[in-house]
Amino acid sequence: SASARSLSAGLTTIGLYVTSGCHPGDAHRMHDRPIHHVCYVVDDIPTAVDRWVALTGAGPFFHLGEHVRFDETLLEGEPCVFDHASAIGRWGPIFLELMQLHEVTPELESRFYTGGAGGSNVAHIGYIVDDPVAESERLEAAGMPRFLYLRQGPIHISLHDAPLLGHAVEVHENTDAINDLFGLFAAGAEGWDGKNPLREMPQG
């Protein structure tokens, strides 16, 4: 499928050199930043969860909410609307995010592409770094400008355009908050028997 080819291209290209300028000495290997998660845009999260569980065994998926909220949502430095639902689960050694768009600023929505029923398009790949400011500067210098900044409490997220990959790159800071969140998703996959594939986030 087109989505499979897109993901394959992204996973393959992520290992290429990304260069700041033209001098070989400035090159950095993207595979020094292992993929943490892959996000697909879907039309319906429950339908997409059922398909991913049946086809790949990924899961269980934790529903982050029908309307994920951020303290700050900035597109090119200006406030924007990014109303969406999201569910995340374990997929082998990485995590899989399924994102359903609701109301989104048109300029931002144009960065995402919705597939058929159940969805199929890669929205972004994400990885975690110790210094997200330096990483964003590196990506900017490599021709991957940041277009979206999100903040939810102590969690800061930057999304960069990545024309070479065909999808965005999402950068997270290596913090206890993000590691504890994804640790919860990983723990849910331990010994999972396939039941209750889409579940609410625990309270507290």
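1. Let's start in the middle of the sheet: strands β3 and β8 run parallel and are joined by 6 bridges. To find one spot along that β8 edge, look at Y40, which stands opposite L98 in β8. Keep in mind as you look around that this is a predicted model.

2. Now zoom out. β3 and β8 belong to an open sheet of 11 strands, and the pairing in it is mixed. Read across, the order is β6-β5-β10-β11-β12-β9-β3-β8-β7-β4-β13. The edges are β6 (78-79) and β13 (198-200), each of which pairs on one side only. Helix α2 (residues 45-56) packs on this sheet, where it touches β3, β4, β7, β8 and β13. The direction of α2 makes about 160° with that of β8.

3. A general point to help you read any such sheet: in a regular strand, side chains alternate between the two faces.

4. Next, follow β7, residues 82-91. How many of its 10 residues are buried? The count is 7, so the strand is largely enclosed by the rest of the structure. On one hand, β7 pairs with β4 (residues 61-65) in the antiparallel sense over 4 bridges. Within that pairing, G65 has S86 in β7 as its bridge partner.

5. β7 also pairs with β8 (residues 94-104): the two run antiparallel and 9 bridges join them. G89 is a handy marker here, as it stands opposite L96 in β8. β7 and β8 form a hairpin with 2 residues between the strands, and G92 takes a positive phi near 60° there.

6. On to charges. As a reminder, side chains of opposite charge can pair when their charged atoms come close. The count for this model comes to 4 salt bridges. One of them joins E135 to R33, with the closest N and O atoms 2.9 Å apart. That pair links distant parts of the chain: E135 is in helix α4 (residues 132-141), while R33 is in the loop between β2 (27-29) and β3 (37-42), 102 residues apart.

7. E135 has another partner, R138, and their side chains meet in a salt bridge at 2.9 Å, N to O. Why are these two about one helical turn apart? They are 3 residues apart in helix α4, which means a separation of about one helical turn. Put together, R33, E135 and R138 are linked in a network of salt bridges.

8. Is that network buried or exposed? Both E135 and R33 are buried. E135 has 4% relative accessibility, and R138 is buried too, with a relative accessible area of 9%. The cut-off you need for this is that buried means under 20%.

9. A further salt bridge is the one between D71 and R151, where the closest N and O atoms are 3.6 Å apart. This pair also links distant parts of the chain, with D71 in the loop between β4 and β5 (72-75), R151 in strand β10 (residues 146-152), and their positions 80 residues apart in sequence. R151 is partly exposed, with a relative accessible area of 23%.

10. Last, have a look at R111. You'll find R111 in the loop between α3 (106-109) and β9 (121-129), partly exposed at a relative accessible area of 22%. Which residues does R111 contact, leaving aside neighbours within four places in sequence? They are L75, E76, F147 and D161. R111 and H124 are 13 residues apart in sequence and 10.0 Å apart in space, C-alpha to C-alpha.

Notes:
Residues numbered from 1 in each chain as written. Predicted model: local features only at pLDDT ≥ 70, side-chain atom pairs only at ≥ 80, totals over all residues. Heavy atoms only, no water. Buried < 20%, exposed > 50% of the residue type's maximum accessible area, 1.4 Å probe, protein only. Pairing = 2+ DSSP bridges. Contact = heavy atoms within 4.5 Å. Axes fitted to C-alpha atoms, helices over the stretch in contact; angles between N-to-C directions.
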